[in-house]
Amino acid sequence: MTWEYAPAPESAAIANLKPSYRMFVDGEFVEGAGEPLKSVNPATEEVLAEVSTASAADVDRAVKAARRAHDKTWGRMPGAERAKYIYRIARMVAERARELAVLESLDNGKPIKEARDTDVPTAAAHFFYHAGWADKLDYAGLGPDPRPLGVAGQVIPWNFPLLMASWKIAPALACGNTVVLKPAETTPLTALVLAEIIQQAELPPGVVNIIPGAGDVGAELVNHPGVNKVAFTGSTEVGKVIQSALAGTGKKLTLELGGKAANIVFDDAPLDQAVEGIVNGIFFNQGHVCCAGSRLLLQESIAEEFLAKLHARVSTLRVGDPLDKNTDVGAINSRDQLTKIQDLVASGEQEGAERWSSPCPLPDKGFYFAPTVFANVTQSMRIAREEIFGPVLSVLTFRTPAEALAKANNTPYGLSAGVWTEKGSRILWMADRLRAGVVWANTFNRFDPTAPFGGYQESGFGREGGRAGLEAYLDV
Amino acid sequence: MSDRVTVSKTYKLYLGGAFPRSESGRTYPVTDGKGRFLANAAQASRKDLREAVVAARGAFGKWSGATAYNRGQVLYRVAELLEGRREQFADEVAAGEGVPAKRAQALVDAAVDRWVWYAGWTDKIATVLGAANPVAGPYFSFSVPEPTGVVGVLAPQRSSLLGLVSVLAPVLAVGATAVVVTSQDRPLPAITLSEVLATSDVPGGVVNLLTGHTAELAPWLASHADVNALDLTGAPPELRVDLEKSAAGTVKRVLRVPTTEPDWTDRPDIARLRALVETKTVWHPMGV
């Protein structure tokens, strides 16, 4: 059955898009000396805005501004006062939630309903949560005299631009550090609106600096000798480069890297509910999620039935205009990413997996990829081992819980995992043995500032959120 | 003074619960503080090290899966047996470290107490570092610290027993397993400690102790893909940066340790326990 929908587009005008954006250093918006970049709307391939980028000298200026702010104001300020500034940010993000959601959807390509219901509210929640910690760090149980580290250099990815900025900035500020943050090259806009909010919230100049640019700016930042702490979210490949570059510097490092999460469905699971969870696990945010449930492990006895239900459900996903409130799957963030997805999908076909793609219509313009499910996948195939970071699900089967566990853990990653079963003792048995930083049982992709998030093994180290997340920004 | 000729000990490796010689057949002479010969120690090879990692990985499931109460009892048992061999350890520490007998005795006592301290931590780590997360939704969410896996340890070079125990006991306390490269020039107390471990219910493979040349073994430990964390306390200073770079190849957790050996008699804190655990967050919906 086909459901007809009238278009329900959100107005792009709400984003208050400006023709050009500048970097934010020492409390002011200034031109960077780097080559300006053009941020593209991946849904239309049209240029949204021109954004100035940082040169090496700009990075140095930003780090020095952050150092001054740390030494003179922020690092010495009583926690209770810092808290109020961070609360202001939380409130102002919430006040401008709709504008930020539309801008995020335009710049990133994600469906407006996700930007509206997940990215922006969770970003505001992160500031609100961490604000409260600023004057309570003595109670965090991390040591008798928790002190800030100094200047934090932070590099974030393009999949949740505003949310990742808030995950990075909020705990850093709460712990008394100052920040130089580099947003992703393809999605710098919401971070610069956040800078506007930070300016309006009257944070002392230099406490937060935001310097757009490509990987070279990120490298300049993390290698700057004035940086005391580096936090990176992105690919495992780049994470290794950063960890190696920081060897011997004594800089404190936390990494949130890639994943290849197993989502495990047992034969006693409520199948329809599990189908919803599997769909959310891999097609949320076009699969541009480090913790995406990209490997579906089905118990053999239900595999056929489940796959049929899954195909039926995925066929109903609406792929298209990210600003349409009915859209389930938006645009792939960039042409580069689309090419990478296409390459890996081709490898899956070549290696003998059975491809099924949703017959949904795709827009003529923009970067889109139809939701795809591979059956008969074996563990040695690239699509079972490598992070695709797109709307592509690899399906494997198992017979016993022990086999499910062995297959789930058979990866150098370890960010997340999912378990679907009605049996409580089995959930806890699996949760205990899965080597992953987050285990979602009978649910998937839940995030909250109170719940620590982060990886095992090559998915990185350090946590974001909760009491555990504070350690990343404290000298303890 | 008896005329009896003493029976001297052959010092071997401790690997997978057994005491093999190095597969390479190599040994090196160990001397006391004044350069007098004490014994020959096995000079472990790359292959010994790789076998030690296999043993440590093999032991991880059972040890990490043991109850915290059980691990606490096992660690306490180590303290009991160490206490019973105080004199022997004091003699070895005095000879190896060149310290007076009284000082050596104090160091051994501190090492015993350190086992007791960490024994008590096994069933408190989750309480202190874990959490019930008050998430904004109908979910039960909790976070627990779990052992990071196999830990590669370059043991302190100077403090041959207390230093070793101070870096090894926290690994065992969290439920991780260890591949330890002992002090190169002062390895004898470590091997005698392995005799204590072997008889105190620490399962074989949980601790593996390799004597030998640190600079030869360290790069293989730092780059080994099945090692999850690395403690560079006893690393040769000139190799440290390269070892950290190697560790990045598989995103190992590299412990933040001082570049010069600390005073191991200082009161310990939980920094090492924190560094050796991974926080796992579990979510489940609530509903009827």
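This report describes the annotated spans, the contact between chains A and B, the sheets and one helix pair of a predicted model.

Local features need pLDDT of at least 70 and side-chain atom pairs count only at pLDDT 80 or more, while totals for chains, interfaces and linings use all residues. Residues are numbered from 1 along each chain as its sequence is written, and chains are lettered from A in the order in which they are written.

**Annotated spans**

UniProt, in an unreviewed entry, places the feature "domain: Aldehyde dehydrogenase" at residues 29-475 of chain A. The chain is 42% helix and 17% strand over residues 29-475 of chain A, with the end C-alpha atoms 31 Å apart. Helices (H or I, at least four residues) and strands (E, at least two) are DSSP runs, numbered from the N terminus. For chain B, an unreviewed UniProt entry puts the feature "domain: Aldehyde dehydrogenase" at residues 28-254. That span, residues 28-254 of chain B, is 52% helix and 18% strand, and its end C-alpha atoms are 29 Å apart. UniProt also lists residues 161-181 of chain B as "transmembrane region" (unreviewed entry). Residues 161-181 of chain B are 62% helix and 24% strand, with end C-alpha atoms 13 Å apart. UniProt positions are given in the numbering used here, feature names are shortened, and annotations may be inferred rather than shown by experiment.

**Contact between the chains**

Chain A gives 38 residues to the contact and chain B gives 29 residues; two residues are in contact if their C-beta atoms, placed from the backbone, lie within 7 Å. On the side of chain A that touches chain B, the elements giving two or more residues are helix 8 (236-245), helix 14 (424-433), strand 18 (438-441), strand 19 (460-461) and helix 15 (466-470) of chain A. Helix 8 of chain A supplies the largest share of that side, five residues. By class, the side of chain A that touches chain B has 16 nonpolar, 15 polar and seven charged residues. Here Ala, Val, Leu, Ile, Met, Phe, Trp, Tyr, Cys and Pro count as nonpolar, Asp, Glu, Lys and Arg as charged, and the others, Gly among them, as polar.

**The sheet with strands from both chains**

Ten strands form an open sheet with mixed pairing, in the order 14(A)-15(A)-16(A)-13(A)-12(A)-17(A)-18(A)-10(B)-4(B)-3(B). Strand 14 (354-357) of chain A and strand 3 (131-132) of chain B stand at the edges, each with a single partner strand, so one side of each is left without a neighbour in the sheet. Two strands pair if DSSP finds at least two bridges between them. Some of the strand pairs in this model, with one residue pair for each, are set out below.

| Strand pair | Sense and bridges | Residue pair |
|---|---|---|
| Strand 18 of chain A, strand 10 (residues 277-285) of chain B | parallel, three bridges | A:Val439, B:Val282 |
| Strand 4 of chain B, strand 10 of chain B | antiparallel, nine bridges | B:Pro145, B:Thr279 |
| Strand 3 of chain B, strand 4 (residues 139-147) of chain B | antiparallel, two bridges | B:Ala132, B:Phe142 |
| Strand 4 of chain A, strand 5 (residues 46-51) of chain A | antiparallel, five bridges | A:Asn41, A:Glu46 |

Strand 3 of chain B and strand 4 of chain B form a hairpin with six residues between them. Helix 9 (residues 271-283) of chain A lies across strand 12 (262-265), strand 13 (295-299), strand 16 (392-398) and strand 17 (416-420) of chain A, and runs at about 165 degrees to strand 17 of chain A. Axes are lines fitted to C-alpha atoms, for helices over the stretch in contact, and angles run from 0 to 180 degrees between N-to-C directions.

**The three-stranded sheet of chain A**

Another open sheet with mixed pairing has three strands in the order 1-5-4 (chain A). Its edges are strand 1 (20-21) and strand 4 (37-41) of chain A, each with a single partner strand, so one side of each has no neighbour in the sheet. A:Ser39 has A:Ala49 in strand 5 of chain A as its bridge partner. Strand 4 and strand 5 of chain A form a hairpin with four residues between them, and A:Glu45 in the turn has a positive phi of about 65 degrees.

**A helix pair in chain B**

Helix 3 (residues 86-97) and helix 4 (residues 101-121) of chain B pack at an angle of about 120 degrees, with their axes 8 Å apart. Helix 3 and helix 4 of chain B are therefore oblique to each other; angles under 35 degrees count as roughly parallel, over 145 as roughly antiparallel, 65 to 115 as roughly perpendicular and the rest as oblique. B:Arg86, B:Phe89, B:Ala90, B:Val93 and B:Ala94 in helix 3 of chain B meet B:Ala101, B:Ala104, B:Gln105, B:Leu107 and B:Val108 in helix 4 of chain B. This contact has eight nonpolar, one polar and one charged residues.
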